[in-house]
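Student: I'd like to go through this one by asking what earns each label. Can you set the values against the cut-offs for me?
Tutor: Sure, let's have a look.

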Amino acid sequence: MHIFEPRYRRMVRQCIEQKSEFGMLLSLPKGVVRVGCTAEIVDVVKEYDDGRLDIVTVGRAPFRIVELLNLECFGEDTLLEGHVDYLDETDRPANAEVQRALVELYEVCHTILYGDYPKQVQGAEPQVLSYVVAGTLPMDLMWKQQVLELRSEADRQERLVTYLRQWAPHLQKIEMLRHNADGNGHGVN
């Protein structure tokens with residue numbers, strides 16, 4: 001994350017000093033969604049002379065907004081505050097075949113997008129695999145939001161497999177077109 005607004009800088013500095021988490025919500029043109037995730041600051045990568053920060057965060061706990069506070073004074077210097085309920089997971093076990101398919105599709109998409117084999121999935125705990133995949137790939141934000149709102153890892157993995165099965169061929173086509181554009185458009189140069 002690149003923290004550039006003064007209102008966020010104060011909040012980030014407070015979270016660093018107190019080793020506390022802050023909430024993240026998807027902002028849409030007509031408001032914010034009701035389900036978000038807490039984030040923990042794990043590193044300050046760079047501090048700029050003007051007070052801006054580059055930070056690394058890790059998502060921690062999904063929550064649902066019960067009540068938003070200070071909406072009437074929402075403006076340039078106001079951060080949203082609210083009462084939240086933390087969301088529990090259901091105990092539906094993940095399907096091993098779906099999990100294998102998700103890892104394979106993730107590896108294909110990651111390699112196409114970044115030109116490198118993904119390392120994040122190796123050693124990832126099976127109960128957070130969906131979050132690793134959704135957090136790493138530049139997927140549509142509403143898809144990521146849908147994944148966050150699902151309350152079982154099995155459901156998240158199934159949703160991601162469906163998405164990536166549709167997305168991977170699209171990425172491959174774009175990569176092929178990009179490769180052809182770099183050459184003469186007729187295959188191998």
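Tutor: Let's begin with burial: of the 189 residues in the protein, 33% are buried. Keep in mind that this is a predicted model.

Student: What makes a residue such as Ala-154 count as buried?
Tutor: Buried means under 20% relative accessible area. Ala-154 comes in at 3%, so it counts as buried. You'll find Ala-154 in helix α5.

Student: And why is Ala-94 called partly exposed?
Tutor: The relative accessible area of Ala-94 is 34%. Partly exposed is what sits between the 20% and 50% cut-offs, so Ala-94 gets that label. Ala-94 belongs to the loop between β7 and α2.

Student: How far apart are the C-alpha atoms of Ala-94 and Ala-154?
Tutor: They are 4.1 Å apart, with the two positions 60 residues apart along the chain. For Ala-154 and Thr-90, 64 residues apart along the chain, the C-alpha separation is 9.3 Å.

Student: What does the overall fold order look like, going from the N terminus?
Tutor: There are five helices and seven strands. In order, they go β-α-β-β-β-β-β-β-α-α-α-α.

Student: How do you know that Arg-13 and Glu-47 form a salt bridge?
Tutor: The test asks for a side-chain nitrogen of Lys or Arg within 4 Å of a carboxyl oxygen of Asp or Glu. Here the N to O distance is 3.3 Å, so the pair passes. Arg-13 sits in helix α1 (residues 6-18) and Glu-47 in strand β5, so this bridge ties together parts that are 34 residues apart in sequence. As for Arg-13 itself, 30% relative accessibility makes it partly exposed.

Student: What about Asp-155 and Arg-92: what makes that pair a salt bridge?
Tutor: Same kind of check: N to O is 2.2 Å, which is within 4 Å, so the label applies. Asp-155 is in helix α5 (residues 153-182) while Arg-92 is in the loop between β7 (81-86) and α2 (96-114), so the pair links parts 63 residues apart in sequence. Asp-155 is partly exposed at 30% relative accessibility, and Arg-92 is partly exposed at 38%.

Student: Why do side chains like these pair up at all?
Tutor: Opposite charges can pair when the charged atoms come close.

Student: Which labels do Lys-119 and Asp-116 get for exposure?
Tutor: Lys-119 has 54% relative accessibility, and over 50% means exposed, so that is its label. Asp-116, at 39%, counts as partly exposed. These two residues form a salt bridge, with the closest N and O atoms 3.2 Å apart. Elsewhere, Glu-89, Arg-151, Glu-153 and Arg-156 are joined into one network by salt bridges that share partners.

Student: How many salt bridges does the structure hold?
Tutor: Nine.

Student: What makes Val-42 eligible for a nonpolar surface patch?
Tutor: A patch residue needs over 30% relative accessible area. Val-42 has 43%, so it clears that bar, and it is labelled partly exposed. Val-42 lies in strand β5 (residues 35-47). Together with Val-45 and Val-56, Val-42 makes a patch of about 230 Å².

Student: What is unusual enough about Lys-19 to flag its phi?
Tutor: Lys-19 has a positive phi of about 50° although it is not a glycine. Lys-19 is in the loop between α1 and β2 (22-24). With a relative accessible area of 76%, which is over 50%, Lys-19 is called exposed.

Student: Now the second largest pocket: what is its volume, and which residues are closest to its centre?
Tutor: The volume is about 860 Å³. Of its 25 lining residues, Met-24, Cys-37, Gly-59, Gly-135 and Leu-148 are the closest to the centre. The elements that give two or more residues to the lining are β5, β6 (53-69), α3 (129-136) and α4 (141-149). The largest share, seven residues, comes from β6.

Student: How does that lining divide by residue type?
Tutor: The lining of the second largest pocket has 16 nonpolar, seven polar and two charged residues. Mind the glycines in this count: Gly goes with the polar group, so Gly-59 and Gly-135 are polar here.

Conventions. Residues are numbered from 1 along each chain as its sequence is written. This is a predicted model: local features need pLDDT of at least 70, side-chain atom pairs count only at pLDDT 80 or more; totals for chains, interfaces and linings use all residues. Side-chain values use heavy atoms; hydrogens and water are left out. Patches are made of residues with over 30% relative accessible area and no salt bridge: like charges are joined within 9 Å, nonpolar side chains (Val, Leu, Ile, Met, Phe, Trp, Tyr) within 5 Å. Accessible areas come from the Shrake-Rupley method with a 1.4 Å probe; for residues, only the protein chains shown count as cover. Helices (H or I, at least four residues) and strands (E, at least two) are DSSP runs, numbered from the N terminus. Buried means under 20% relative accessible area, exposed over 50%, partly exposed in between (1.4 Å probe, protein chains only). On a 1 Å grid over the protein atoms alone, a cavity is a set of points where a 1.4 Å probe fits but cannot get out, and a pocket is an open set with protein on both sides within 12 Å along at least five of seven lines; lining residues have an atom within 4 Å of a point. Grid points are joined across faces, edges and corners, and a volume is the space filled by probe spheres set on the points.
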